[in-house]
Amino acid sequence: MAHVWQSFRRIRWIVLHETGGSPHESPSDLAARLAEWPLYHWLIYPDGRIVKCAPPSRLLYHVTDHNVGTLSFAVVGNYKSREPTSALVTALEDLIGYVRASLIPGIESIIGHGEIDRTVDCPGKWWRAWLREYRARVGTSEARQKRAGMAVYPVTYRDPTVVKVES
Ligand SMILES: [Zn+2]
């Protein structure tokens, strides 16, 4: 099937998923397990490793009705009852900061898959509080931040080390 592309300028939100399996599941194992692949633009592992699975301009089918205008990030593992490592959370925040500051400044912020589609429990329970806390701490786009009288970007982040396994 031919790849479908979307304009960087239309991308507004990052959607956060969890892979729901082993925290060490490799991209090739995920590709074998999931019906749709790549399902995520980036994977973030518990040891802080970040893997790029598809260019951000490639349209992926990861969330009902909101594939256009979104990027797909997935934390690797099952967080229904366990907490992520701090290395994973730091890597995720670095990646969001990098994407917003260096690639796609039009991104507002990050939203959980389950916040868009109430029928899915994704990402797991622990992430709901993190998503609220992160958005409150970092805010949405610069224009909105200015209107709201909030501190403006750039937030501090480290340049993430990204391993590319584009298909
Ligand atoms: Zn999901």
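This report looks at the overall layout of a predicted model, then at Trp 42 and helix H2.

## Overall layout

The protein has five helices and six strands. Going along the sequence, they come in the order β-α-β-β-β-α-β-α-α-α-β.

Of the 167 residues, 32% are buried. Take the contacts with a separation of 6 or more, and 73% of them join residues 24 or more positions apart.

## Around Trp 42

Trp 42 sits in strand S2, which covers residues 42–44. Trp 42 counts as buried because it has 24 C-beta neighbours inside 10 Å, and the cut-off is 20 or more.

Who does Trp 42 touch, leaving aside residues up to four places away in sequence? The list is Ile 50, Val 51, Lys 52, Cys 53, Phe 73 and Leu 95. Of these, Ile 50, Val 51 and Lys 52 make up the stretch 50–52, strand S3, while Phe 73 falls within strand S4 (70–75) and Leu 95 within helix H2 (residues 86–103). As for Ala 54, it is 12 residues along the chain from Trp 42, with 7.2 Å between the two C-alpha atoms.

## Helix H2

H2 has 18 residues, and at 1.5 Å a residue it should span 26 Å; the C-alpha atoms at its ends are 25 Å apart, so the two figures agree.

Leu 95, the Trp 42 contact, is one of the buried residues of H2. Others include Leu 88, Ala 91, Leu 92, Ile 96 and Val 99, along with the charged Glu 93, Asp 94 and Arg 100. The buried residues of H2 pack against five strands: S1 (13–18), S2, S3, S4 and S5 (109–112).

How values were computed. Residues numbered from 1 in each chain as written. Predicted model: local features only at pLDDT ≥ 70, side-chain atom pairs only at ≥ 80, totals over all residues. Helix = DSSP H or I, 4+ residues; strand = E, 2+ residues; numbered from the N terminus. Buried ≥ 20, exposed ≤ 12 C-beta atoms within 10 Å, placed from the backbone. Contact = placed C-beta atoms within 7 Å. Expected span 1.5 Å × (residues − 1).
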